[in-house]
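Good morning, and thank you for coming. Today I would like to speak about the spaces enclosed inside a protein, and about the residues that line them.

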Amino acid sequence: MSIEWKEYAPEGEFFDEVFSSPGNPRQPAKRLISYLSSLSEDDIQSRKIAMEATIKEMGVSFTVYTEGGNIDRAWPFDMIPRVISRTQWDKTAAGLRQRLKALNMFIDDLYHDQKIIKDGIIPEFVLKQSKNYRKECEGMSPRFGVWAHICGTDLVRDKDGQFYVLEDNLRVPSGVSYMLENRSIMKRVIPEVFENVNIAPVGDYPEHLFDTLVSLSPRRVAKPVVVVLTPGIYNSAYFEHAFLAQRMGAELIEGSDLVVKDDDCVYMKTIGGLERVDVIYRRIDDLYLDPEVFLPESALGVPGLMRAWKAGNVALANAPGAGVADDKVVYAYVPDMIRYYLSEEPLIPNVETYLCYEEKQREYVLANLDKLVVKPANESGGYGMLIGPHSTKKEREEFARLIKENPRNYIAQPTLALSTAPTLIGKNKIEPRHLDLRPFVLQARDSYVTTGGLTRVAMKKGSLVVNSSQGGGSKDTWIVDTGAAKGSGKKSAKKSAAKAGQKAGGSK
């Protein structure tokens, strides 16, 4: 018995990423569905077992703080990939480059002349009430005028099939390691598909990240010293910190491993003595970076780090203060930023957004809380949100109170008809599940966009919450060139299933 794809029914009001109608896969997914249709139930189970064993062997995990002592969890992964055409992705990537360029011009403007405020494009109080604006960064000019070197932009597809930007993540965006590991898992479990389908590779991201970081070095030396600064093993993204450091060949260090000397340079403690550091890829929030400037009780940061950065003796990525553009109220103005700084029309639209500090928009939000998604301006990970259609009367009353008390802190958006993709449920049942996409964009001297990104899936039926910390999972993201097949396709599914089964039961 095999999967009956003809029985898979995309839900009518949602755009399905793989099928245009029951039994009719979209062009980029045809070879994938043809292959999956050839698998028996035993074949699928062999691959599922191999997949779970691979995840365990590779140590792919994420952290849940709320579960007490045993905080590591195996990465929740679905073996049916999400498929996007190369033609569409190239247009999307151009829009992501455009967006990050404008955001960096905005951040640089804020810490200098604030022309965008003087010209009335963004209200001044939006800046004054921003939790992530850092006065300590005023007048700084990072290399290339770039503050946010790494951005994770969340995209969603509505029922019209159009990509929309849901939010920008510019402080310490995470998730790219899972994008890379998703691909590694798929290549080990169904390698034959990669021989027959033109799937764009993703494995060059660490190389591009390293090149981006090296280009920021204040010293013109042959081999700048690049380090990854982590809060430590108990951070939810520690797996990623270690993964990226290893893949880049950079040292993974904590704040206690660094010291700033009287020459305002940063040094790393090594067995052979102190070694000067040129670039720090920091995975620590601004307020914990330097106890001399921000939170004095922080044990995660490095005393004097801001002094060294301001003196131009070390580069920080992302730069302190970049999070001012993470604000979901600021997000609403990004299309205006693109027009203002670049004299271009946005290539990717925002999701329609209501600003609760504007009276008429606030009145609309309060009258329609049961239909809208309400978000605080500076939370992440899906926390602090109200999903109106799934909320209780008590929850809506509480959010109405919060909005009235601090309208600047809230935005609202329509409940989107998030696109779906077929997802393996149980042994061989396929059901649609909602998903989003987080591509990663790099900017310094050059810019780079991942081919695809991290697809996150709401594993619960009908749920719109995709965060792994709240029950979500993930899929590999395939950017597919719909030209000729790569290989002859002679390798049989049964032979591959047997191979996958051997991998699952074999030694490391």
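Let me begin with two helices, α3 (86–110) and α5 (124–128). Each of them supplies at least two residues of the lining of the second largest cavity. Please keep in mind that we are looking at a predicted model.

Which residues line this second largest cavity? They are Phe106, Leu110, Ile117, Ile122, Val126, Leu127, Ser130, Val324 and Val330. By class, 8 of these residues are nonpolar and 1 is polar, while no charged residue takes part. The volume of the second largest cavity is about 40 Å³.

Let me now widen the view. How many cavities of 30 Å³ or more does the structure hold? There are 3.

I turn next to the largest cavity, which contains about 50 Å³ of space. Its lining is made up of 11 residues, and those closest to the centre are Glu167, Asp168, Asn169, Asp326 and Lys328. Two elements, β7 (163–169) and α11 (328–331), each provide at least two residues of this lining. The greatest contribution comes from β7, with 3 residues.

What is the make-up of the lining of the largest cavity by class? Here 7 residues are charged, 2 are polar and 2 are nonpolar.

To close, I would ask you to set the two linings side by side. The largest cavity has 7 charged residues in its lining, whereas the lining of the second largest cavity has no charged residues and 8 nonpolar ones. Thank you for your attention.

Notes: Residues are numbered from 1 along each chain as its sequence is written. This is a predicted model: local features need pLDDT of at least 70, side-chain atom pairs count only at pLDDT 80 or more; totals for chains, interfaces and linings use all residues. Side-chain values use heavy atoms; hydrogens and water are left out. On a 1 Å grid over the protein atoms alone, a cavity is a set of points where a 1.4 Å probe fits but cannot get out, and a pocket is an open set with protein on both sides within 12 Å along at least five of seven lines; lining residues have an atom within 4 Å of a point. Grid points are joined across faces, edges and corners, and a volume is the space filled by probe spheres set on the points. Helices (H or I, at least four residues) and strands (E, at least two) are DSSP runs, numbered from the N terminus. Ala, Val, Leu, Ile, Met, Phe, Trp, Tyr, Cys and Pro count as nonpolar, Asp, Glu, Lys and Arg as charged, and the others, Gly among them, as polar.
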